[in-house]
Structure formats: structure tokens, C-alpha cells
Amino acid sequence: AKMNGGGHYQFFTTEINDAISRKMMLETGLRKAVEREEIEIYYQPQVDVTTGNVNSFEALVRWNHPELGLIPPLDFIPLAEETKLIIPIGEWILSESCRQFLVWTEQGHSLKHISVNISAVQFQEPDFPQMVVKVIKDTGINPEHLDLELTESVIQNPDIAIPFMHQLKAMGVRLSLDDFGTGYSSLSYLKEFPLDTLKIDKSFTQTVLESEKDQAVVDTIIHMALKLNLNVIAEGVETDGQLQYLLGQKCHQYQGYLYSAPIPKEEIEGLLHKKRGW
Ligand code: C2E
Ligand code: CA
Ligand code: CA
Ligand code: CA
């Protein structure tokens with residue numbers, strides 16, 4: 001432990017201790033975060049490629065930590081999953097997003113749906129479909145206006161996932177496959193799962209103009225979606241060139257910084273006033 005005069009070892013343990021205490025601090029904080037109203041939802045427009053109209057929004061969670069500031073989801077969702085806190089937090093996100101959707105439609109904005117990310121841990125809870133039913137009843141949202149974004153990891157256990165997906169479809173809820181192209185055996189899923197939408201992962205969109213390989217992936221996903229009668233949406237669109245490419249390939253919708261980053265609900269009205277078509 002005294003290699004290099006000891007400085008190294010000391011540094012190493014301090015780092016581990018810091019990491020452990022940060023994790024403990026986050027876990028303690030996360031338990032209180034919902035009741036302290038520190039969990040916030042940002043919304044990102046989903047835009048029609050052809051018309052430029054906003055069709056819908058995706059809800060993306062943030063944690064506004066009293067000391068650490070705004071924490072992005074990838075820094076706390078894994079912990080929320082590990083501790084199962086994602087179950088109550090995810091239910092809150094779902095119900096809050098549905099309520100916000102109804103506020104916008106009651107203001108006269110015509111939106112097709114609200115998209116909400118569902119964690120694999122949430123989806124594997126035996127009462128997941130009942131939780132969705134409860135949120136739909138409590139908020140009064142039309143189930144056809146609710147779109148659940150699932151990743152392939154959600155579907156690790158197809159024996160549970162497939163019946164759940166059919167239950168949700170029977171209720172009228174929309175289902176999207178998120179990050180499409182980044183997982184495994186995607187093609188067999190496409191046949192078996194009652195999906196409405198494929199989302200092209202931003203790792204493909206962002207390099208579509210530079211890499212012929214990514215172009216091939218993007219083209220293939222779009223054409224396959226069109227053939228299968230699925231809606232297709234590209235995420236991570238940052239440049240007009242990327243948008244023009246998607247238009248050429250007849251991709252239906254896009255999301256990305258080009259139109260808007262995810263923003264708090266208070267800023268949505270202002271954003272839409274600035275743009276045409278609302
Ligand atoms: P995702 O569902 O694939 O969301 C897309 C991510 O790309 C979001 O990051 C969004 O802010 C970001 N993004 C959007 N447009 C652009 C762009 O043009 N360029 C770039 N570079 N990025 C863009 P965010 O909000 O940090 O979320 C990260 C991930 O965290 C999400 O990936 C999703 O897997 C997870 N997540 C977010 N909100 C929730 C939630 O409410 N529940 C669950 N279970 N997971 C969530
Ligand atoms: Ca998503
Ligand atoms: Ca993604
Ligand atoms: Ca993701």
C-alpha cells in the first residue's frame with residue numbers, strides 16, 4: 001500500500017469513499033425526492049418531418065437536487081432501478097405527464113399523444129398494467145393519447161413482456177420501441193410485439209451524413225417500419241442536413257436540438273408561439 005511513497009493509495013481510498021458516500025447521499029435523497037418535489041419533468045417536442053408541426057412530446061425526467069443541482073436521468077435512474085425507487089418515481093412521472101398533456105389539450109393545442117419512458121424494472125412488476133389503468137382512470141387521459149417508450153431491455157423476459165404488451169394494446173395505449181438498432185435480436189421482436197412506433201437511436205442519426213454504414217442502418221429501419229406499417233421517429237436530430245436526409249427517406253417524425261432540447265413545461269407555450277403551425 002506504500003508504493004510510490006503512499007500518495008497513490010491514499011488517493012485511491014479517498015476516491016472510493018467519495019464514490020460510496022455520494023451514492024449513499026443520492027439514495028437517501030432519492031427516497032425523499034418525490035415528496036420534496038425535486039423531481040421535474042422536461043418535455044421535448046416530437047415534430048412531423050414533412051410539415052414541421054409539433055405532434056407530441058416526450059417526457060424526460062430530471063432531479064433538481066438541493067446541493068448538486070440538476071441531475072440528468074442517466075446519473076440517477078440506474079440507482080432508482082437498483083433500489084426499486086423507480087416504481088413510485090415512475091408512477092409519479094407517468095401520472096404527472098398525463099396531467100400535463102391534458103393541460104395542453106385543454107388550452108386548445110392539438111396533440112396526438114404524450115410519450116413516457118418506462119424502465120425495465122417498472123415493466124417487470126407484476127402489477128404494471130394495473131398501475132397504468134389506475135393512472136389512466138385517475139388522470140382521465142384517453143389511453144390512445146398515451147405512448148409508452150420501451151427499450152429492448154424491457155423485453156428481456158418475453159414471457160412476461162408479450163402478455164403485458166397485449167394487455168396495454170387492448171386498452172388502446174400506444175407502444176414505442178426506443179433506441180431501436182442498439183440492442184440484439186431486434187428483428188424477431190418486431191414480429192412478435194404489438195408496436196406502434198420505432199425510434200431510431202440518436203447514435204445513428206447523428207452520424208448519418210458522415211457514415212455510409214449508419215446511412216444503411218437508418219435507411220433500413222425507416223423502410224422496414226414503413227413496410228410493417230409502423231410509425232418511425234428519429235431522435236437526436238441536430239442539423240438541417242440530418243433533417244433533410246430523413247425527409248428524403250420519408251421518416252415520419254423527429255426529435256432533437258435542431259427543433260428544441262427538452263425544456264420545462266413553463267417554456268413550452270413560448271416555444272410553440274415562436275414556431276409556425278400551432
Ligand atoms: P432516451 O429515452 O433515448 O432519450 C433521449 C435522450 O437524448 C434524452 O437525454 C434527450 O435529452 C437527448 N436528446 C434529445 N435530442 C438530442 C439531440 O439533438 N442531441 C443529443 N446529443 N441528445 C439529444 P436525457 O433526457 O438525458 O435522458 C437520457 C435517458 O434517460 C433517456 O434516453 C432514457 O433512457 C432515460 N430517461 C429519461 N427520462 C426517463 C424517465 O422518465 N423514466 C425512465 N425510466 N427513463 C428515463
Ligand atoms: Ca425515450
Ligand atoms: Ca436513445
Ligand atoms: Ca435510452
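**Note on the largest pocket and two calcium sites**

1. Strand β2 gives the largest share of the lining of the largest pocket: five residues. Keep in mind that this is a predicted model. Other elements join in. Among those that each supply at least two lining residues are α2 (77–82), α3 (86–106), β4 (113–117), α4 (120–123) and β6 (174–180). Strand β2 itself spans 54–65.

2. How much space lies in the largest pocket? About 1,000 Å³. The lining counts 38 residues. Closest to the centre of the pocket are Glu-58, Leu-60, Pro-73, Leu-74 and Asn-117.

3. Look at the chemistry of that lining. It divides into 16 nonpolar, 11 polar and 11 charged residues.

4. Two of the residues closest to the pocket centre, Glu-58 and Asn-117, also hold a metal. Together with Glu-149 and Asp-178, Glu-58 and Asn-117 coordinate the calcium ion (ligand 2). The distances run from 2.1 to 2.3 Å. Asn-117 binds through OD1, the two Glu residues through OE, and Asp-178 through OD.

5. Where do these donors sit in the sequence? Their spacing is E-x58-N-x31-E-x28-D. Take one pair: Asn-117 is in strand β4, and Glu-149 is in strand β5 (residues 146–150). The two are 32 residues apart, so this pair links distant parts of the chain.

6. Is Glu-149 buried or exposed? Glu-149 is buried, because its relative accessible area is 1% and the cut-off for buried is under 20%. Asn-117 is partly exposed, at 29%.

7. Now the second site. The calcium ion (ligand 3) is coordinated by Asp-179 (OD), Asp-201 (OD) and Glu-235, with Glu-235 listed twice through OE. Here the distances run from 2.0 to 3.1 Å. The donor residues are spaced D-x21-D-x33-E.

8. Which parts of the chain does this site tie together? Asp-201 lies in the loop between β7 (197–200) and α8 (202–205). Glu-235 lies in the loop between β8 (231–234) and α10 (240–248). The pair therefore ties together parts that are 34 residues apart in sequence.

9. Check the exposure of that pair as well. Asp-201 is buried, with a relative accessible area of 10%. Glu-235 also counts as buried, at 12% relative accessibility.

10. Finally, how far apart are the calcium ion (ligand 2) and the calcium ion (ligand 3)? They are 5.8 Å apart.

How values were computed:
Residues are numbered from 1 along each chain as its sequence is written. Chains are lettered from A and ligands numbered from 1 in the order in which they are written. This is a predicted model: local features need pLDDT of at least 70, side-chain atom pairs count only at pLDDT 80 or more; totals for chains, interfaces and linings use all residues. Side-chain values use heavy atoms; hydrogens and water are left out. Donors are N, O and S atoms within 2.8 Å of the metal (3.2 Å for Na, K and Ca); water is not among the atoms, so sites may look incomplete. Helices (H or I, at least four residues) and strands (E, at least two) are DSSP runs, numbered from the N terminus. Buried means under 20% relative accessible area, exposed over 50%, partly exposed in between (1.4 Å probe, protein chains only). On a 1 Å grid over the protein atoms alone, a cavity is a set of points where a 1.4 Å probe fits but cannot get out, and a pocket is an open set with protein on both sides within 12 Å along at least five of seven lines; lining residues have an atom within 4 Å of a point. Grid points are joined across faces, edges and corners, and a volume is the space filled by probe spheres set on the points. Ala, Val, Leu, Ile, Met, Phe, Trp, Tyr, Cys and Pro count as nonpolar, Asp, Glu, Lys and Arg as charged, and the others, Gly among them, as polar.
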